[in-house]
Amino acid sequence: MKDLQTLESEITANLLAADNLDKVENIRIAELGKKGRVSMLMRELGKMNAEEKKEFGPKLNQLKNNLNDAISARKNTLEEKVLNRKLQSESVDISLSAVSVDNGSIHPISQVMDEVTEIFTEMGFSVAEGPEIEEDFYNFTALNIPEEHPARQMHDTFYFPEDENGNRKVLRTHTSPVQIRTMLSGEPPYRIIAPGRTYRNDSDATHTPMFHQVEALVIDKNIHMGHLKWCIEEFARKFFEIDNVKIRFRPSYFPFTEPSAEVDIGCAFKDGEVLIGEGDDWLEIMGCGMVNERVLENVNLDPKEYQGFAFGLGLDRIAMLKWGIPDLRDFFAADLRWLKHYGFQALDIPSLSTRASTVKGSK
Ligand code: PHE
């Protein structure tokens, strides 16, 4: 039998010379595999007499263990080398400024949605969603706008063809159906906002067939108009970043709120520009009111126990006001020059703490 010491040195030297994991594995198979040299020696043990077994047995076992250790050690070293090489070649250049990335920008509508969401979530609202292809029931009936109600005409609704049951779906004309979906799906109290796309058959400098609203709904015990007023004023102050913003509530009518109001914001028109927080002019920014008792009953809430307020805000409108964008239709014209001018940088993340950095135009 070959000198075990020599065998071990030979194999260990081979292992050290093996410069990749495949080579190490080949050595393992050649020595310790089923038909490997060391395995064959183990088999020879069976043919030996007791004396020889006593001498060679432990030595062979020792050899096997040493080789196993050497193989694992070599594998570890090589794996580490592979990893280091990978880490080096895949290193991230953290000095590369993401702000200087010149491709694409955040659309003002996305930015305004993020900012509005940020302000209301800070106040404790959560975000709710509903479908844009909506059932007549949620868009109208449950909101106290029955068939033949004149308010249906005011909405310039896009209707889908009738289905086999004679029902017509609509492209939602406002985000108010999310009020109904919210109240039918959980338990009060509710405090949600629902930003999203809305559709009406209307098109000029201040109307596009698709536009954006954010709905707000608060339902709880003892909610009154003072809560509504505070909430809207607080929002306007934060959104327009002006402390002494002027807000006016004008009596109005919506079938789903009673009493209802339209909210105007104080502004000045100077040299074709709108300046918020100055002057004696007013611009309408939203509709609001206390949720109509009939709506509460439609969603099985007892109006004696629960009350609330709701409002619907035109997101495109407030984006135009905040950043001085003159024509609504440009929002959806996909004109790269416009997008470059009015768009925002990807890292211009809205938050109340970084609000000062949201500037008009990114360049
Ligand atoms: N849904 C109304 C609209 O689109 C706005 C509104 C929402 C009014 C909630 C009152 C309460 O005109």
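In which loop is the place of asparagine 144?

**View 1. Asparagine 144 sits in a loop between two helices.** This is a predicted model. The loop runs between helix H6 (136-139) and H7. Helix H7 covers residues 150-154. Look at the backbone of asparagine 144. Its phi is near 65°. That is a positive value in a residue other than glycine.

**View 2. The peptide bond from proline 188 to proline 189 is cis.** Omega for this bond is near 5°. Proline 189 belongs to a loop. Helix H8 (177-185) and strand E4 (190-199) are the elements on either side of that loop.

**View 3. A cis peptide bond links glutamate 258 to proline 259.** Here omega is near -5°. Proline 259 lies in a strand, E7. Strand E7 spans residues 257-270. It also supplies at least two residues of the lining of the largest pocket.

**View 4. The largest pocket holds the ligand.** About 860 Å³ of space lies in this pocket. Its lining counts 36 residues. Arg200, Phe211, Gln213, Glu284 and Gly314 lie nearest the centre. Several elements each give at least two residues to the lining, including helix H7, strand E6 (247-254) and helix H11 (315-323). The largest share, six residues, comes from E9. By type, the lining has 15 nonpolar, 13 polar and eight charged residues.

**View 5. A shell of 14 residues surrounds the ligand.** His174, Ser176, Arg200, Gln213 and Gly312 come nearest. Sort the shell by type, and there are five nonpolar, seven polar and two charged residues. Which element gives the largest share of the shell? Strand E10 does, with three residues.

**View 6. Side chains of His174, Arg200 and Gln213 approach the ligand with polar atoms.** In histidine 174, an N or O atom of the side chain is 2.9 Å from a nitrogen atom of the ligand. Arginine 200 places a polar side-chain atom 2.9 Å from a ligand oxygen atom. For glutamine 213, the distance from a polar side-chain atom to an oxygen atom of the ligand is 3.0 Å. How much of the ligand's accessible area does the protein cover? On its own, the ligand has 330 Å² of accessible area, and the protein covers 92% of it. Strands E5 (210-220), E9 (281-291) and E10 (307-314) are the elements that give two or more residues to the shell.

Terms used. Residues numbered from 1 in each chain as written. Predicted model: local features only at pLDDT ≥ 70, side-chain atom pairs only at ≥ 80, totals over all residues. Heavy atoms only, no water. Near = heavy atom within 4 Å. Polar contact = N/O pair within 3.5 Å; in protein donor to acceptor, adjacent residues only side chain to side chain. Areas by Shrake-Rupley, 256 points an atom, 1.4 Å probe, with all protein chains shown as cover. 1 Å grid on protein atoms, 1.4 Å probe; cavity = no way out; pocket = protein on both sides within 12 Å on 5 of 7 lines; lining within 4 Å. Sits in = over half its atoms within 2 Å of the grid points. Helix = DSSP H or I, 4+ residues; strand = E, 2+ residues; numbered from the N terminus. Nonpolar A, V, L, I, M, F, W, Y, C, P; charged D, E, K, R; others polar. Points joined across faces, edges and corners; volume = space filled by probe spheres on them.
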